[in-house]
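Here's a quick tour of the model, one region at a time. Keep the viewer open and follow along.

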Amino acid sequence: NASFSPDGSRIVTASEDQTARVWDAASGQQIAELGGHSATVLNASFSPVDGSRIVTASEDQTARVWDATSGQQIAELGGHSATVLNASFSPDGSRIVTASEDNSARVWEFYPFRDLLVLGCNHLNNYLIANPEKLSDLPACQTAERTLAAADTLIAQGDALAQSGEIEQAIKKYQAALDWGQIVNPERRARLQSTP
């Protein structure tokens with residue numbers, strides 16, 4: 001089996017040598033080797049939107065997803081009990097369908113890692129806003145809206161610290177809020193909040 005990338009610049013081939021290979025369509029030079037299957041690779045195809053991923057189907061009862069540039073394996077789709085004859089992406093690239101000799105077809109949700117991070121961050125939005133120290137550990141979750149909202153939490157935390165006399169800790173909270181876009185003078189606000 002062989003197929004072109006969406007833009008026609010690359011070709012992926014499937015082989016009995018247990019690999020798939022990516023080639024430059026113009027020069028014929030090999031770009032990447034997709035090695036990891038333990039049996040013949042029967043089918044290989046590019047993701048339809050940007051050609052950044054490749055899915056392979058193999059006699060080893062798995063399908064695998066690969067980075068089309070580096071050749072690194074991204075995911076193994078295991079679960080069939082016989083040869084996987086074919087695997088292909090949905091038109092938007094978010095799902096993969098596999099067909100197997102075990103008399104089943106399976107649909108797999110597939111999200112690139114970055115998309116999974118975004119989904120996770122969105123799911124944890126309220127938690128991250130209420131816990132800015134956790135948000136600071138997750139740069140991928142630090143959107144402008146989320147950090148600005150978390151900065152408000154930092155200011156409230158700083159106010160509580162200043163009011164209880166913990167001026168240095170309050171200044172640290174205000175400084176973090178300033179770093180995340182809230183306009184605040186840390187030292188001045190700490191003094192104002194600590195005044196009875």
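## Leu128 and its surroundings

Let's start with Leu128, which sits in helix 2, the run covering residues 125-130. Keep in mind that this is a predicted model. Is Leu128 buried or exposed? Its relative accessible area is 1%, and the cut-off for buried is under 20%, so Leu128 counts as buried.

What does Leu128 touch, once residues up to four places away in sequence are set aside? The list runs to Cys121, Lys134, Leu135, Leu138, Cys141, Arg146 and Ala150. For a distance check, try Ala149: going C-alpha to C-alpha, Leu128 and Ala149 are 9.4 Å apart in space, with a separation of 21 residues in sequence.

## Helix 4 against helix 5

Next up is a helix pair. Helix 4 spans residues 144-163 and helix 5 spans residues 167-179. Their axes come within 8 Å and cross at roughly 165 degrees. Angles over 145 degrees count as roughly antiparallel, so that is the label for helix 4 and helix 5. As for handedness, the crossing of helix 4 and helix 5 is left-handed.

Which residues make the contact? Helix 4 brings Ala151, Leu154, Ile155, Gln157, Gly158, Asp159, Leu161 and Ala162. From helix 5 come Ile167, Gln169, Ala170, Lys173, Tyr174, Ala176 and Ala177. Sort the residues of this contact by type and you get 10 nonpolar, three polar and two charged.

## The four-stranded sheet

Now for the strands. Strands 5, 6, 7 and 8 form an open sheet, in the order 5-6-7-8, with antiparallel pairing. Its edges are strand 5 and strand 8 (73-78), each of which pairs on one side only. From one strand to the next, the twist averages 20 degrees.

Strand 5 is an edge strand, but how much of it is buried? Five of its six residues (41-46) are, so strand 5 is largely enclosed by the rest of the structure.

Strand 5 runs antiparallel to strand 6 (residues 53-58), and five bridges join the two. If you want specific pairs to click on, Asn43 has Ala57 as its bridge partner, and Val41 has Ser58. The two strands make a hairpin with six residues between them. In that turn, Gly51 has a positive phi of about 65 degrees.

## Another hairpin: strands 3 and 4

Strand 3 (residues 19-24) and strand 4 (residues 30-35) are antiparallel as well, and five bridges join them. One of the pairs is Thr19 with Gly35. This hairpin has five residues between its strands, and here a glycine, Gly28, takes a positive phi near 80 degrees.

## The three-stranded sheet

Last stop: strands 9, 10 and 11 form an open sheet in the order 9-10-11, and the pairing is antiparallel. Strand 9 (84-89) and strand 11 (105-109) are its edge strands, each pairing on one side only. The twist averages 20 degrees from one strand to the next.

How many bridges join strand 10 to strand 11? There are five, linking residues 95-100 of strand 10 to the antiparallel strand 11. For a spot to zoom in on, Val97 stands opposite Val107 of strand 11. A general point for browsing sheets like these: in a regular strand, side chains alternate between the two faces of the sheet.

Conventions:
Residues numbered from 1 in each chain as written. Predicted model: local features only at pLDDT ≥ 70, side-chain atom pairs only at ≥ 80, totals over all residues. Heavy atoms only, no water. Buried < 20%, exposed > 50% of the residue type's maximum accessible area, 1.4 Å probe, protein only. Pairing = 2+ DSSP bridges. Axes fitted to C-alpha atoms, helices over the stretch in contact; angles between N-to-C directions. Parallel < 35°, antiparallel > 145°, perpendicular 65-115°, else oblique. Left-handed = near helix turned anticlockwise from the far one by under 90°. Contact = heavy atoms within 4.5 Å. Nonpolar A, V, L, I, M, F, W, Y, C, P; charged D, E, K, R; others polar.
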